[in-house]
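Here are a few exercises to work through with the model open. Try each task before you read its solution.

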Amino acid sequence: MIVAEQKSLDEMKSLIGEAQKVLVVGCGTCVTVCFAGGAREAAIVAASLRMATRLDGNAKAVTDVTVQRQCEWEYLDEIAEQVRAADVVLSLGCGIGVQAIAEHFPQAWVVPGLNTGFLGLPTEQGIWAERCAACGDCLLGRTGGICPIARCSKSLLNGPCGGSEGGHCEVNPDIPCAWQLIYDRLNSLGKLDLLLEIQPPKNWKAARDGGPRKIVREDLRLRAEEE
Amino acid sequence: MAAQPSSNGYLVGSNLERVLRAGHFAVTAELGPPQSADGDVIRKKAALLKGCCDAVNITDNQTAIVRMSSIGAGAIVVQEGLEPVIQMTCRDRNRLAIQSDLLGAYALGMRNVLCLSGDHQSFGNHPSAKNVFDLDSIQLVQMVAAMRDAKVFQCGEPFKGQEPRFFVGAAAAPFAAPVEFRPYRLAKKVKAGANFIQTQLIYDIPAFKAFMEKVRQMGLHEQVYILAGVGPLKSPAMARYMKDSVPGLWVPDEFIERMEAAGAPWADIPKDQLSKEDKKARADAWKQEGICICIELIQQVREIEGVAGVHIMAIEWEEAVRPIVEGAGLLPRPDVSAAPAQEAHHD
Ligand code: SF4
Ligand code: SF4
């Protein structure tokens with residue numbers, strides 16, 4: 001899932017600026033699961049903003065609504081009226097949700113209420129960790145299902161570097177060394193020979209380095225046109 | 001692609017390659033460029049090192065602190081008549097920048113490169129920087145070796161003219177985790193085309209012997225020149241810091257105790273009563289002991305089959321190199337400028 005966390009109330013307030021009618025828009029997918037921007041959080045943020053702006057002596061009209069998926073335009077149609085009526089939309093979606101609103105409603109002023117972090121999973125209650133950097137050319141088949149791009153601090157393909165110690169990364173003892181994890185897993189599966197092969201330089205063109213990416217599925221497009 | 005010697009029988013003909021090929025026990029040292037644009041710092045350090053090592057590593061923004069570039073400093077070192085080993089990390093440059101810098105380095109007379117991943121920028125003085133890591137150290141070795149042997153850029157296109165010919169080095173950290181994998185990682189660097197290896201600082205001789213035994217079993221010592229990393233301790237505090245806080249560094253208690261013993265005459269004087277002279281005398285006693293230990297370490301690694309030389313890392317203490325090399329009986333350094341290329345062999 002996409003993992004995000006809320007900006008501070010102060011930052012949200014400054015992003016809202018002088019606007020009087022504020023619409024907080026939550027999203028029912030990833031950010032609901034990571035407790036950053038679901039219906040519950042949208043209601044709390046709206047209530048907090050109402051209270052904070054009242055205390056500041058400039059009570060704003062803050063309402064909230066949550067769509068099932070902010071990152072798909074069809075789900076945004078249902079809030080078109082509310083968006084039109086608002087001076088500002090505070091999106092509690094990930095960065096994709098914010099942009100989906102901006103693209104779908106050219107007249108709307110939309111600001112982000114979250115900082116979008118990474119693609120990851122919950123490792124325990126209240127902790128999420130990064131797992132994938134969306135590099136566009138997945139090599140997990142060579143590393144025992146542990147991603148060195150997202151999880152090694154240097155994205156090494158032929159690790160571990162000399163900074164690995166006691167299972168953690170040189171950067172920070174809180175970061176497990178991805179290459180120690182890869183080594184341990186391949187070792188336990190009897191596949192250490194995979195580590196003896198030199199992985200060639202990566203084709204970063206498939207990653208963001210090749211410019212903004214797009215996936216085109218002609219099979220699906222044709223079918224859509226036939227409809 | 002197999003390493004291709006040039007017409008004189010050497011891969012490159014650098015002094016370091018010649019010394020190693022002639023079977024001498026090689027000595028390399030380290031020169032840290034300044035955090036300034038002052039070339040005289042390099043000249044002074046070069047004067048301290050000239051004549052007591054076969055080549056000197058020029059660090060590349062070591063510990064991610066911005067310093068004069070290794071190639072810029074290396075050009076000065078060449079002018080001073082000392083041979084540089086250019087350190088090149090993957091942290092700050094992508095494959096384009098590395099290649100173009102190496103073309104320039106070759107044109108300026110540099111002939112040895114040490115290929116490193118590089119310390120993460122979070123350690124240095126620009127922790128908010130974006131890093132690169134387009135390649136890793138093994139891919140870098142492969143690229144620099146192919147520039148010389150296949151005469152191609154990383155993309156596969158041939159050079160339009162002279163190819164850069166470097167004696168290619170890589171690092172080894174025998175005691176970094178997972179320790180069992182370290183000889184295999186060294187094997188990967190050899191397979192990638194490394195000609196010489198400089199190891200992380202070695203203090204634990206028995207552990208290093210065990211590492212070298214595995215290296216010999218794998219036949220790696222016959223395919224690559226291994227220079228054991230050594231360095232003088234400066235104080236008991238430095239020894240303890242290395243033991244406790246630097247990954248991949250094992251410092252036996254014995255050396256910490258010896259450093260403490262060297263400072264024993266001052267140990268009973270309360271801290272606030274130590275005069276300036278006392279402090280200086282104590283620092284000198286520590287340094288003296290650090291140099292002694294370093295000399296002993298060199299003598300011990302020299303006995304290990306497959307160790308072709310030492311790499312002396314006296315960080316910001318270049319003055320220590322000459323007494324260490326002299327104490328280890330490794331002066332004068334051999335003059336191999338006219339030596340014909342022989343079959344590779346080791347001490
Ligand atoms: S290799 Fe690429 S696609 Fe696969 S998990 Fe890692 S970043 Fe994601
Ligand atoms: S210590 Fe491990 S995770 Fe950290 S940079 Fe090195 S190989 Fe990558």
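A residue counts as near a molecule if one of its heavy atoms lies within 4 Å of it. Keep in mind that this is a predicted model.

**Exercise 1.** List the residues that surround ligand 2, then sort them by class.

*Solution.* Start with the cut-off above and walk around ligand 2: you pick up Cys152(A), Ser153(A), Lys154(A), Pro160(A), Cys161(A), Gly163(A), Ser164(A), Cys169(A), Glu170(A), Cys177(A), Ala178(A) and Trp179(A). Next, sort that shell: seven residues are nonpolar, three polar and two charged. Finally, check the location: ligand 2 sits in the largest cavity.

**Exercise 2.** Do the same for ligand 1: which residues are around it?

*Solution.* The shell consists of Cys132(A), Ala133(A), Ala134(A), Cys135(A), Cys138(A), Leu139(A), Leu140(A), Cys147(A) and Ile149(A). Sorting gives nine nonpolar residues, with no polar and no charged ones.

**Exercise 3.** Describe how chain A and chain B meet, beginning with the area they bury between them.

*Solution.* First, the area: the two chains bury about 2,400 Å² between them, and 55% of that is on carbon and sulfur atoms. Then ask who contributes: Lys154(A), Ile198(A) and Pro201(A) supply 24% of what chain A buries against chain B, more than any other three residues. Now classify the side of chain A that touches chain B: twelve nonpolar, nine polar and five charged residues. Count heads too: chain A brings 26 residues to the contact and chain B brings 31. Last, look at the pairings: 18 residue pairs are in polar contact between chain A and chain B (both at pLDDT 80 or more), while zero salt bridges turn up across the interface.

Notes
Residues are numbered from 1 along each chain as its sequence is written. Chains are lettered from A and ligands numbered from 1 in the order in which they are written. This is a predicted model: local features need pLDDT of at least 70, side-chain atom pairs count only at pLDDT 80 or more; totals for chains, interfaces and linings use all residues. Side-chain values use heavy atoms; hydrogens and water are left out. Contact means heavy atoms within 4.5 Å. Buried area is the accessible area (1.4 Å probe) that two parts lose on being put together, summed over both. A salt bridge is a side-chain nitrogen of Lys or Arg within 4 Å of a carboxyl oxygen of Asp or Glu. A polar contact is a pair of N or O atoms within 3.5 Å; within protein, one must be able to donate a hydrogen and the other to accept it, and residues adjacent in sequence count only if both atoms are side-chain atoms. Ala, Val, Leu, Ile, Met, Phe, Trp, Tyr, Cys and Pro count as nonpolar, Asp, Glu, Lys and Arg as charged, and the others, Gly among them, as polar. On a 1 Å grid over the protein atoms alone, a cavity is a set of points where a 1.4 Å probe fits but cannot get out, and a pocket is an open set with protein on both sides within 12 Å along at least five of seven lines; lining residues have an atom within 4 Å of a point. A molecule sits in a cavity or pocket if more than half of its atoms lie within 2 Å of its grid points.
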